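User: Please take a close look at a single part of this protein and explain how that part sits within the whole. I should like one connected account that begins with the chain and then narrows to the part chosen.

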Amino acid sequence: MASSSSYEKYDIRKRNPNPKVAALLVIDMQNYFSSIAQPILQNLLTTIRLCRRASIPVIFTRHSHKSPSDYGMLDEWWSGDLIFDGTPESQLMPELNPDAQDHLVHKNTYSAFRNTGLQEYLQERGVEELIVTGVMTNLCCETTAREAFVRGFRVFFSTDATGTSDQELHEATLKNLAYGFAYLVDCNRLEGGLFPNQQLT
């Protein structure tokens, strides 16, 4: 899990999200990924609380496959180790406890935008900025962040509420995204940017 000090060397540009036009993306925090997700869970829950407090909408993604027609390259790449719809592994971790007003996006590849209607959903609600959290840092989170940037969204990428299997992969993503695609944030920076004169309770 990256701390503020560990990503400062990549931190080229600084900006705070605008809660009036931002949305929080919580990517693939499912039982399948629980071993990777557990170390970042408290930071993620803190990020969700901060965003709710700032009236920033929360969007969860859930990755799963329903039939071979939607496997794509993932079946070959991961030797058939896929997340199948309707299994316990495909469900969101119970600690997340989404609210009724939260939006759920179903996806079957690394990008949360591909054939999901996410862009249309965001545009209909005037969303211009995305805060990206979840798993895995270097796969679905990074792919979604890059695609969001290319589609014209301002991207904020969490350093301490994203996680993956290897710290070097995590750091590589932070370095790449900070260079060309996203502003880096963590819980402390997010709280300071959204509530400059308050403390989280």
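Analyst: The radius of gyration is taken here over C-alpha atoms, and the value for a globule follows a rule of 2.2 Å times the number of residues to the power 0.38. The model is a predicted one. For 201 residues, a compact globule would have a radius of gyration near 17 Å, and the 16 Å of the protein chain agrees with that. Along the principal axes, the C-alpha atoms of the protein chain fill a box of roughly 50 × 35 × 30 Å.

The secondary structure of the chain consists of 8 helices and 6 strands. Read from the N terminus, the order of elements is α-β-α-α-β-α-β-α-β-α-β-α-β-α. Of the contacts between residues at least 6 apart in sequence, 80% join residues at least 24 apart. Buried residues account for 51% of the 201 residues. The chain exposes about 9,800 Å², of which carbon and sulfur atoms supply 48%.

The part chosen for the close look is strand β1, followed by the elements and loops that can be reached from it. Strand β1 covers residues 22–27, and 6 of its 6 residues are buried, so the strand is largely enclosed by the rest of the structure. Its side chains point in two directions: Ala22, Leu24 and Val26 one way, Ala23, Leu25 and Ile27 the other, and all are buried.

Which strands pair with β1? One is β4 (residues 129–135), which pairs with β1 in the parallel sense over 6 bridges. Within that pairing, Ile27 stands opposite Gly134 of β4. Another is β2 (residues 58–63), also parallel to β1, with 4 bridges. There, Leu25 has Ile59 as its bridge partner.

The chain leaves β1 through a loop to α2 (34–37), and Asp28 lies in that loop. Asp28 has a positive phi of about 55°, although it is not a glycine. Most residues other than glycine have a negative phi, and most peptide bonds are trans. Asp28 is at 0% relative accessibility and therefore counts as buried, the cut-off being under 20%. Ser79 offers a second case of a positive phi, about 50°, at a residue that is not a glycine. Ser79 belongs to the loop between α4 (74–77) and β3 (103–107). Is Ser79 buried or exposed? With a relative accessible area of 68%, Ser79 is exposed, since the cut-off for that class is over 50%.

The partner strand β4 leads to another backbone feature. The peptide bond between Val135 and Met136 is cis, with omega about -10°. Met136 itself is in the loop that joins β4 to α6 (137–150). This methionine is also among the contacts of Thr164, which, leaving aside neighbours within four places in sequence, are Ile36, Met136, Thr137, Asn138, Leu169 and His170. Thr164 is placed in the loop between β5 (154–163) and α7 (167–180). Its relative accessible area is 15%, so Thr164 is buried under the 20% cut-off. The side chains of Thr164 and Asn138 make a polar contact at 2.5 Å.

Strand β5 also holds Ser158. At a relative accessible area of 3%, Ser158 is buried. Not counting residues up to four places away in sequence, Ser158 touches Val132, Thr133 and Val185. From Ser158 to Met136 the separation is 22 residues in sequence and 12 Å in space, C-alpha to C-alpha.

Helix α8 (residues 187–194) completes these surroundings. Its buried residues include Cys187, Leu190, Glu191 and Leu194. Viewed down the axis of α8, the buried residues fall within an arc of 95°, so they line one face of the helix. Those residues pack against α3 (41–53), β4 and β5. Strand β4 is thus a link in this account: β4 pairs with β1 over 6 bridges, and the buried residues of α8 pack against β4 as well.

Technical notes
Residues are numbered from 1 along each chain as its sequence is written. This is a predicted model: local features need pLDDT of at least 70, side-chain atom pairs count only at pLDDT 80 or more; totals for chains, interfaces and linings use all residues. Side-chain values use heavy atoms; hydrogens and water are left out. Buried means under 20% relative accessible area, exposed over 50%, partly exposed in between (1.4 Å probe, protein chains only). A polar contact is a pair of N or O atoms within 3.5 Å; within protein, one must be able to donate a hydrogen and the other to accept it, and residues adjacent in sequence count only if both atoms are side-chain atoms. Contact means heavy atoms within 4.5 Å. Two strands pair if DSSP finds at least two bridges between them. Accessible areas come from the Shrake-Rupley method with a 1.4 Å probe; for residues, only the protein chains shown count as cover. The arc is that of the directions from the helix axis to the C-beta atoms.
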